[in-house]
Amino acid sequence: MITSDLTKIADNQGSICGDKSRLSSEVSSDVSTGSTGSEGSVTSYMLSPGGRRYFKPTVDVSRIPFCGQVFETLEKGCKFYTDYGVLSGFDIRKTTEKTTEDKENVLLKYFVCNREGFNDVDLGSSNGSGSKEVQGRRTMSRRCGCKAKFVLKISSANTYYVFSFVEQHNHPLVSESGRHFLKANRKMTVGLRNIVFYSSKVNIGPRKSFCFAKELYGGYANVGATLCDFRNCDRDLKLYVGERDGQMMIDKFKVMQETCKSFYYAYEVDSIGHLTKLFWSDAVGRRNFEVYGDAVSFDATFDTNKYNMIFAPFTGVDKHDKCVTFVACLLSQESVTDYSWTFSHFVKAMGRNPVVIVTDQYAAMKVAIRDTFVAVNDLVASKHRLCMWHIMDKFPMKLGNRLCKETDFMEKMKTYIWSSNIDIDEFETGWGAIVKEFKLEENKWLSDMYAIRSCWIPAYFRNKPMFGLMRTTSRSESENFFFSRFHKQGDTLCEFWLWFQSEMDMQRNETVRLDNESNTSLPTTLSTWFIEDDAAELFTRAIFYKIQEEILASCYDMQIKRISEEVEGVTHLEIRDVKVKDKLFKVSVSRNHVVCSCKKFVMCGIVCRHAFCGLKQIGVTKFPRTLVLNRWMKIAKSGTSSDSVSVSNGYFKM
């Protein structure tokens, strides 16, 4: 028994997994396909007397180097051996060379298998107790002392010939399924680099862009690069920008201003040349401000690049009731000085102050707005309002989740906060009753919010145009989401500019799509009143649907309680809205104009249901043009110019 076991052990020496059959033949073949798919490659190995295996690639004879082979240039010889390595399944590496004294000509050049030589192994350092501590990450080594080589030597005719060629390798060669991992087969072509670059513009990282390339080329093996190559390319793009980041942005803006005089930009640097403030607006943004710039939202909510600069856009509402960006700026600090600098350049770029500017509660903004948007040089001073969404979002944090989510406190409070149909006395009475009911008289934050109620409660500015910018809870939230989709903390300024431009293109393309939708089709009318058909011709689709809702409500939800005789063309009505309890709305209507006590038209520029009820009562069938604002019409941009400094006529109508 012992003798038979010893015999098995002796038989297995120099073989793998006890494969005794490998000793019966000195040569064994493993058939595989060449990397080109058209030429085969057969890898064979031989056993040395000591049992060590040596692998010899077998490819087409015309592809195998041989001693004495002549090449016109060193580069052609290198390419020939590289192609041979690809077919055989190994990578090459350039190594020792001998040159002339002036270093101009190479006399002798070695090319070896990339597994030539050995790596030094760091076994770690002693921790003082005699034991070793391994430092750094675990790595692997491909070096195994392979002796395969290809040596070129210069001849008297200044050509190169094969001086030495060792064909055998001491390691298995790469199979066909792994050939695409060879370095010689991995090249980031212009097409692949474009995929990485343009993917980064829409916040698609290297991994997803690599997966996209795989689908585009029909498999990972066909891409011609690996995920690591894609990541390295993305890294190299950032390294290329490097410390020139800010200067590249300024240079780009200079070129844009030279090609388009309407492009406006300004910047400041600190004492060591670092960019601290950057402000810009293109021709489209300035033209949009001329039409939609009566009410502007300014929001600085998140850091947007690796320099922790604050991104702060100026936003309004366009004729499709969508957010539209007028201006963008990057600030290194949120100080009064920085905001004053930004607002002063805003006035310089746009030619006038916004009528109303909506911000969050940041104190520095309040001071800067008060000092900058003033009535000088025939400009109208801006009215500062606070964004309701930012304040309402703080209620659970300031008052507690239990009070806000487990009681009816928020429902009762919203009745008085959001309603635009109540007057100031009704709001103050309702607020006081709710605060007393839930015993919040001593809550400092709630008292502070009440002290500044005239800046954020709709009841206090029912006579001021807001165009839905303040009352719509999702407006600020959607704008923040819009810009934060492609935001990454580690972005360079150039990367930020690329994705910002991509987002602007998306925003403006959506506007073009909605324009086309409004101009090429008419929405379905639901009433028999001709004024609805007229509205469908005048207004964009989004605004028409809001007007249609008011028209239908005027037909079904209104009750006329009193109507006066017509005096000088004006009729006075008292109307009850069945959806608003215990309140009568007073309407004064003529064939050309109408005024309602709910003030919806003043705040939003949309004719209310009570006004439509009055118009219907006196038999008006055509939409009064005094109630049509340019900003909501399909042709809102007609007749505008970037040099205009006048406030839109719609504001005066309201």
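Student: What makes the link between the side chain of Asp-534 and the backbone nitrogen of Phe-623 a polar contact?

Tutor: The side chain of Asp-534 reaches that nitrogen at 2.9 Å. A polar contact is a pair of N or O atoms within 3.5 Å; within protein, one must be able to donate a hydrogen and the other to accept it, and residues adjacent in sequence count only if both atoms are side-chain atoms. The value of 2.9 Å is within 3.5 Å, so the pair fits the distance limit. Remember that this is a predicted model, where local features need pLDDT of at least 70 and side-chain atom pairs pLDDT 80 or more, while totals for chains, interfaces and linings use all residues. Residues are numbered from 1 along each chain as its sequence is written, and side-chain values use heavy atoms, leaving out hydrogens and water.

Student: Why is Asp-534 called buried?

Tutor: Its relative accessibility is 12%. Buried means under 20% relative accessible area, exposed over 50%, and partly exposed in between (1.4 Å probe, protein chains only). Since 12% is under 20%, Asp-534 counts as buried. Asp-534 sits in helix α19, residues 530-538; helices (H or I, at least four residues) and strands (E, at least two) are DSSP runs, numbered from the N terminus.

Student: Which residues does Asp-534 touch, leaving aside neighbours within four places in sequence?

Tutor: Asp-534 is in contact (heavy atoms within 4.5 Å) with Lys-622, Phe-623 and Arg-625. Phe-623 is also one of the residues that touch the most other members of the largest nonpolar core, which has 72 residues.

Student: What makes a set of residues a nonpolar core?

Tutor: The set must consist of buried Ala, Val, Leu, Ile, Met, Phe, Trp, Tyr and Cys residues joined through side-chain atoms within 4.5 Å. Phe-539 is another of the residues in the largest core that touch the most other members. Beyond four places in sequence, Phe-539 touches residues including Phe-544, Phe-623 and Trp-632.

Student: Is Glu-268 buried, partly exposed or exposed, and how do you know?

Tutor: Glu-268 has 32% relative accessibility, which lies between the two limits, so it counts as partly exposed. Glu-268 belongs to strand β11, residues 264-269. A polar contact of 3.2 Å joins its side chain to that of Trp-341. Trp-341 is also among the residues that Glu-268 touches beyond four places in sequence, along with His-274 and Lys-277.

Student: How do you know whether Cys-596 is in a disulfide?

Tutor: A disulfide is a pair of cysteine sulfur atoms within 2.5 Å. By this rule the count comes to 0 disulfides. For Cys-596, the nearest cysteine sulfur is that of Cys-598, 3.6 Å away, so the pair misses the 2.5 Å limit. At 9% relative accessibility, Cys-596 counts as buried.

Student: What makes β9 and β10 paired strands?

Tutor: Two strands pair if DSSP finds at least two bridges between them. Strand β9 (residues 149-154) and strand β10 (residues 160-166) have 6 bridges in the antiparallel sense, so they meet the rule. For instance, Ile-154 stands opposite Tyr-160 in β10. The two strands form a hairpin with 5 residues between them. In the turn, Asn-158 has a positive phi of about 60°.

Student: Which strand joins β9 through 5 bridges?

Tutor: That is β6, residues 106-113, which runs antiparallel to β9. In β9, Val-151 is the bridge partner of Tyr-110.
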